[in-house]
Amino acid sequence: MATTGQVIRCMAAVAWEPRKPLSIEEVDVAPPKAHEVRIKVVASGVCHTDWEYLYEAGRGMSLRPFPVVLGHEAAGVVESVGPDVTKFAPGDKVIPLFLPFCEECDQCKCEKTNLCKKNWENTQAGVLADGTSRISCRGQQVYQFLGVSSFCQYTVVPDTSLAKINPKAPLEKVCLLGCGVSTGYGAAVKTGKVEEGSCCAVFGLGAVGLAAVMGCQAAKARRIIAVDINPDKFQKAREFGATECINPRDYGNKPIQEILVEKTNGGVDYALECVGSPVTMSAALESTRDGCGTCVIAGWTETESMSVKVIKILMGRTLKGTYFGGWKSAKDVPQLVEDYMQKKLKLDEFISHNLPLAQINNAFDLLRNGQSIRTVISLDDF
Ligand code: NAD
Ligand code: ZN
């Protein structure tokens, strides 16, 4: 490509400081170094974690450095590869990943976890393996959120944080497999291992929660109770397989866990927390049944603690957490893309809005106001 080895000047949404709207800016994206790949980002979903990182930085989320380019749920096309890259070539369709799969570390070799340790600290700090980012704006380094930064027309990621996917896959849909849908779906089928005939409750009906509902349905759960304080989410939840929908606010001060335990004659088999609040995390755990109930935490908070009554665990409940749905990222994401292509997995139904990059702040407003499920940002037009 004509741009190989050159700095690419393109447009990005830059977060200069916490709690301020994103600013559309011209940025420079440096060529990839060894074991790195530069991709042209075609589409990016807007995830709650992006919003949270900007508006809750230093509160629910640890403070990471600014300025930063957010976005971590994307799909694109390889523009060029750095030295020593063997698995990717220009033109490949890809999904960048905030969780790597290096195939070499202890965790990659272990079937019990997907938490690859490669570059972990750097990724969390918003830089690549050499401790710097490839994006700059007005001469200043701009950090790469979770090592990805997909609210930018081009970005550079490590070759271990990239999945090559079916060249026929529609990028403006499969981008959702870069985070939210994979996370919620995997929370149910992979981490929770929801069983056929079981009774499930899903807390929070954003993209992560709806994907968890979809996972419970795929696992042939008998009862899927969808819980959200925003009843506008219930229709979608039913479309994804919820058998009942509950708004905790309809029950006054009675805790939601008590309502669920009563309705299910002792508690649910699986509770999936997809809100990110310590209060709903405790409620989810307490809504599971004695002896064998399982609670999976998918919702995100980095600074807060949840309270757990010891007796609840003592009585045989299991509390689990899931990062990226338990999927081994670069290995499993191409298969999830295939599942979508074969209509075994829904994606289109999660997309409530499509917007150009210039309107990215509107996407954050829609998310915060509970009006959207997923907005997909097109990086091609403004
Ligand atoms: P979202 O904002 O689209 O959806 C959250 C939903 O929770 C909303 O529908 C909201 O009305 C509902 N809610 C809020 N308070 C509630 C309460 N008290 N009871 C019931 N429902 C309530 O968010 P999303 O993009 O679907 O993400 C959900 C969570 O998952 C976030 O915390 C996000 O950071 C996290 N996440 C985790 C991972 C991971 O790897 N574990 C990956 C992606 C996202
Ligand atoms: Zn996300």
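This briefing covers the nonpolar cores, one annotated region and the surroundings of residue E79. The structure is a predicted model. Its largest nonpolar core contains 116 residues, and this core lies between domain 1 and domain 2 because both give residues to it. E79, by contrast in topic, is treated as a single site within strand β5.

**Nonpolar cores**
- Within the largest nonpolar core, the residues that touch the most other members are L70, F151, V174 and F350.
- Helix α6, spanning residues 207–218, supplies eight residues, the largest share of this core.
- Domain 1 is made up of segments 8–17, 52–180 and 326–378, while domain 2 covers 192–321; residues from both enter the core, so it lies between them.
- A second core, separate from this one, has 17 residues, among them C199, V227, L285 and C295.
- In soluble globular proteins, nonpolar side chains tend to be buried together.

**Annotated region**
- An unreviewed UniProt entry annotates residues 207–336 as "domain: Alcohol dehydrogenase-like C-terminal".
- Over residues 207–336, helix accounts for 38% of the chain and strand for 15%.
- The C-alpha atoms at the two ends of this stretch are 16 Å apart.

**The site of E79**
- E79 is located in strand β5, which runs over residues 73–81.
- E79 counts as buried because its relative accessibility is 3%, under the 20% cut-off.
- A polar contact of 2.6 Å joins the side chains of E79 and S80.
- Apart from neighbours within four places in sequence, E79 is in contact with M1, T3, T4, I8, R38, I39, K40, P90 and Y154.

Notes:
Residues numbered from 1 in each chain as written. Chains lettered and ligands numbered in written order. Predicted model: local features only at pLDDT ≥ 70, side-chain atom pairs only at ≥ 80, totals over all residues. Heavy atoms only, no water. Helix = DSSP H or I, 4+ residues; strand = E, 2+ residues; numbered from the N terminus. Buried < 20%, exposed > 50% of the residue type's maximum accessible area, 1.4 Å probe, protein only. Polar contact = N/O pair within 3.5 Å; in protein donor to acceptor, adjacent residues only side chain to side chain. Contact = heavy atoms within 4.5 Å. Core = buried A, V, L, I, M, F, W, Y, C linked by side-chain atoms within 4.5 Å. Domains from an automatic or database assignment. UniProt positions renumbered as here; feature names shortened; annotations may be inferred.
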